[in-house]
Amino acid sequence: MKVFINPGHMPGIDSGAINRSLLLRECDIALSFGELLAKKLRSAGCSVRLLQSCNLCGEEPPAPNICAAANNWPADIFISLHCNSFNTAVRGAETLCCAESSSAGTLARLIQKQLADTLQKFDASFPDRGIKERPDLAVLRCTEMPAVLVETAFIDNDKDAVLLIDRQDAITSAIARGITDYWCLL
Ligand SMILES: [Zn+2]
């Protein structure tokens, strides 16, 4: 299986969300997750490409085009990795896809289940926010293979941010298990 990993945002151009008190940037956490996930998926026998860029589907021509790179490879599945942010109080993980009743919806459900189960082992109050349809997102709309965007936890919430720092290995193992669960269904 060919898996395209897109760590969200782009250091130096677009940091994504930030946690000012803990000096955390979403772009750095996403890249760290992407590199760990790539290693685990390669060990499981997947081919992996990883690309972090501010050019999602052609709107920033000097930077590499994420969706075109995934479509041209062509990848079997596409995973974008992000951290959420809202009002510093909201917590939890959610996984986004274009349509719930699709292969992407199945992939999203499998990843979300592994991720929520894993983080609830470290913190029983960690919310499972489920899967959500987001056909407006460029990386889900312009990719031609099942594509999901994982919002691992809320970076602006200090409890979630601690999980994002301390549990990177468990978080990426959970996402990898969701991907291999999907692979087993094919
Ligand atoms: Zn993001």
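This short talk describes a zinc site, a central strand, one helix residue and several salt bridges in a predicted model.

Good morning. I shall begin with the annotation. The UniProt record, an unreviewed entry, carries the annotation "domain: MurNAc-LAA" over residues 67-180. Within residues 67-180 the chain is 46% helix and 24% strand. The C-alpha atoms at the two ends of that stretch are 22 Å apart.

Let us turn to the zinc ion. Which protein atoms are its donors? They are NE2 of His9, OE of Glu26 and ND1 of His82, and they lie 2.0 to 2.1 Å from the ion. Along the chain, these donors follow the spacing H-x16-E-x55-H. His9 sits in the loop between strand 1 (2-7) and strand 2 (18-19), while Glu26 belongs to helix 1, so this pair ties together parts that are 17 residues apart in sequence. Are His9 and Glu26 buried or exposed? Both of them are buried.

Helix 1, which spans residues 26-43, also holds Leu31. Leu31 counts as partly exposed because its relative accessibility is 26%, and the range for that class runs from 20% to 50%. Leaving aside residues up to four places away in sequence, Leu31 touches Pro7, Leu50 and Gln52. Pro62 is 31 residues from Leu31 along the chain, and the C-alpha atoms of the two are separated by 20 Å.

My next subject is strand 6. This strand covers residues 93-97, and 5 of its 5 residues are buried. In a regular strand, side chains alternate between the two faces of the sheet. Strand 6 can be read in that light: Ala93, Thr95 and Cys97 point one way, and Glu94 and Leu96 point the other way.

Which strands pair with strand 6? One partner is strand 7 (residues 128-133), which runs parallel to strand 6 and is joined to it by 4 bridges. In this pairing, Leu96 stands opposite Lys132. Another partner is strand 8 (residues 147-154), which runs antiparallel to strand 6 and is likewise joined to it by 4 bridges. Here Thr95 has Val150 as its bridge partner. Strand 6 and strand 7 also form a right-handed β-α-β unit together with helix 3 (residues 103-122).

Finally, I come to the salt bridges. How many are there? The count comes to 8 salt bridges. In one of them, Lys40 meets Asp169, with the closest N and O atoms 2.6 Å apart. Lys40 lies in helix 1 and Asp169 in helix 6 (residues 168-185), so the pair ties together parts that are 129 residues apart in sequence. Asp169 has a relative accessibility of 48% and therefore counts as partly exposed.

The side chains of Asp28 and Arg25 meet in another salt bridge, at 2.8 Å from N to O. Asp28, at 35% relative accessibility, is partly exposed, and Arg25, at 31%, is partly exposed as well. Asp136 and Arg134 also join their side chains in a salt bridge, at 2.9 Å from N to O. Asp136 is partly exposed, with a relative accessible area of 48%, and Arg134 is partly exposed at 32%. There is also a network of salt bridges, which links Arg91, Asp123 and Asp160.

To close, I would ask you to locate helix 1 in the structure above. Glu26, a donor of the zinc ion, lies in this helix, and so does Lys40, the partner of Asp169 in helix 6. Thank you for your attention.

Note on methods. Residues are numbered from 1 along each chain as its sequence is written. This is a predicted model: local features need pLDDT of at least 70, side-chain atom pairs count only at pLDDT 80 or more; totals for chains, interfaces and linings use all residues. Side-chain values use heavy atoms; hydrogens and water are left out. UniProt positions are given in the numbering used here, feature names are shortened, and annotations may be inferred rather than shown by experiment. Buried means under 20% relative accessible area, exposed over 50%, partly exposed in between (1.4 Å probe, protein chains only). Contact means heavy atoms within 4.5 Å. Two strands pair if DSSP finds at least two bridges between them. A crossover is right-handed if, with the strands pointing away from the viewer, the path from the first strand over the helix to the second runs clockwise. Donors are N, O and S atoms within 2.8 Å of the metal (3.2 Å for Na, K and Ca); water is not among the atoms, so sites may look incomplete. A salt bridge is a side-chain nitrogen of Lys or Arg within 4 Å of a carboxyl oxygen of Asp or Glu.
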